[in-house]
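Please read the following report alongside the sequence and the coordinates. It moves from the overall fold to individual helices and then to particular contacts.

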Amino acid sequence: MVGEERVVRAISPFEYVPILVSVLLVLGASSGFDDWVRYGSRQVAVLSVALTVAAMMSGVLVFFAGLALYPADGEPRPAELLPILNNVAAAGLLAVVLVAPLGRALGTLAFGAALWSNYQLQARAHPIAE
């Protein structure tokens, strides 16, 4: 282990741009979360579910739009970028789950901490597995 060089996985625009889009959509709609809980009805429940799906899918759609514009012979290969999609979808859903009950400020801080710890775990997963 002495003298061994660690290679940290770089975060590409394919990852941080879709996550940013998802978080901004959640933060833009989060002002209505309290009212939805307080005045809940069937229409409000449908709206809440639709927003949750839209927040998660917006990041996924941005990811696929970027992948469609990506050159087929680019480096890394397009197939190697697909595992990033898991992080994008999970981050969009996590943003909704944390911002809705905790509010904009605390929810965003909790989201940032959760995302940071996820990337730290991913960066250290290979040495831990060895």
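The sections below describe a predicted model, beginning with the chain as a whole.

## Overall fold

The protein chain holds 6 helices and 0 strands, and when read along the sequence it follows the pattern α-α-α-α-α-α. Of its 130 residues, 30% count as buried.

## Helix H1 and its two kinds of surroundings

Helix H1 covers residues 13-29, and its 17 residues, taken at 1.5 Å a residue, should span 24 Å; the C-alpha atoms at its ends are 24 Å apart, so the expected and the modelled lengths agree. The buried residues of H1 are Phe 14, Glu 15, Pro 18, Ile 19, Ser 22, Val 23, Val 26, Leu 27 and Ala 29. Glu 15, which is found in this helix, has a relative accessible area of 0% and is therefore classed as buried.

Val 17 also belongs to helix H1, but with a relative accessible area of 36% Val 17 is partly exposed, because the value falls between the limits of 20% for buried and 50% for exposed. Together with Ile 11, Tyr 16 and Val 21, Val 17 makes a nonpolar surface patch of about 320 Å².

## Helix H3 and its kink

Helix H3 runs over residues 42-69, and at 1.5 Å a residue its 28 residues should span 40 Å; the end C-alpha atoms are 40 Å apart, so the two figures agree. The helix nevertheless contains a kink of about 25°, which is centred on Met 57.

Buried positions in H3 comprise Val 44, Leu 51, Ala 55, Ser 58, Gly 59, Val 60, Phe 63 and Leu 67. For Ala 55 the relative accessible area is 0%, and this residue is accordingly buried; for Phe 63 the relative accessibility is likewise given as 0%, which places that side chain among the buried residues.

## The loop after H3

The loop between H3 and H4 contains Pro 76, and the peptide bond that joins Glu 75 to Pro 76 is cis, with omega at about 5°. Tyr 70 lies in the loop between H3 and helix H4, the latter covering residues 78-81.

## Helix H5

Helix H5 consists of the 19 residues 84-102, for which a rise of 1.5 Å a residue predicts a span of 27 Å; its end C-alpha atoms are 27 Å apart, so the geometry agrees with the expectation. In this helix the buried residues are Ile 84, Leu 85, Asn 87, Val 88, Ala 91, Gly 92, Ala 95, Val 96, Leu 98 and Val 99. Gly 103 follows H5, and its phi is positive, near 90°.

Ala 91 lies in helix H5, and its relative accessible area of 3% is under the 20% limit, so Ala 91 counts as buried.

## Aromatic pairs

A search of the whole structure finds 3 aromatic pairs. In one of them, Phe 14 and Tyr 70 meet edge-to-face, with 5.2 Å centre to centre and 85° between the planes. Because Phe 14 lies in helix H1 and Tyr 70 in the loop between H3 and H4, this pair ties together parts that are 56 residues apart in sequence. Phe 14 and Tyr 70 are both buried.

Another pair is formed by Phe 63 and Phe 64, whose ring centres are 5.6 Å apart and whose planes stand at 75°, so this pair is edge-to-face. The two residues are covered to unlike degrees: Phe 63 is buried at 0% relative accessibility, whereas Phe 64 is partly exposed, with a relative accessible area of 39%. Ring pairs link Phe 14, Phe 63, Phe 64 and Tyr 70 into a cluster.

## Contacts across the sequence

Which residues come together in space although they are separated along the chain? Glu 15 and Phe 63 are 48 residues apart in sequence, and their C-alpha atoms are 7.4 Å apart in space; Glu 15 is found in helix H1, and Phe 63 is one of the buried residues of H3.

Ala 91 of helix H5 and Ser 22 are 69 residues apart along the chain, while their C-alpha atoms are separated by 7.8 Å; Ser 22 is among the buried residues of H1. Ala 55, whose place is in helix H3, and Ala 95 are 40 residues apart in sequence and 8.4 Å apart from C-alpha to C-alpha; Ala 95 is included in the buried residues of H5.

Conventions
Residues are numbered from 1 along each chain as its sequence is written. This is a predicted model: local features need pLDDT of at least 70, side-chain atom pairs count only at pLDDT 80 or more; totals for chains, interfaces and linings use all residues. Side-chain values use heavy atoms; hydrogens and water are left out. Helices (H or I, at least four residues) and strands (E, at least two) are DSSP runs, numbered from the N terminus. The expected span of a helix is 1.5 Å times one less than its number of residues. The bend at a residue is the angle between axes fitted to the seven residues ending there and the seven starting there. Buried means under 20% relative accessible area, exposed over 50%, partly exposed in between (1.4 Å probe, protein chains only). Patches are made of residues with over 30% relative accessible area and no salt bridge: like charges are joined within 9 Å, nonpolar side chains (Val, Leu, Ile, Met, Phe, Trp, Tyr) within 5 Å. Accessible areas come from the Shrake-Rupley method with a 1.4 Å probe; for residues, only the protein chains shown count as cover. A salt bridge is a side-chain nitrogen of Lys or Arg within 4 Å of a carboxyl oxygen of Asp or Glu. Rings of Phe, Tyr and Trp (its six-membered ring) pair if their centres lie within 6.5 Å; planes under 30 degrees apart count as stacked, over 60 as edge-to-face and the rest as tilted.
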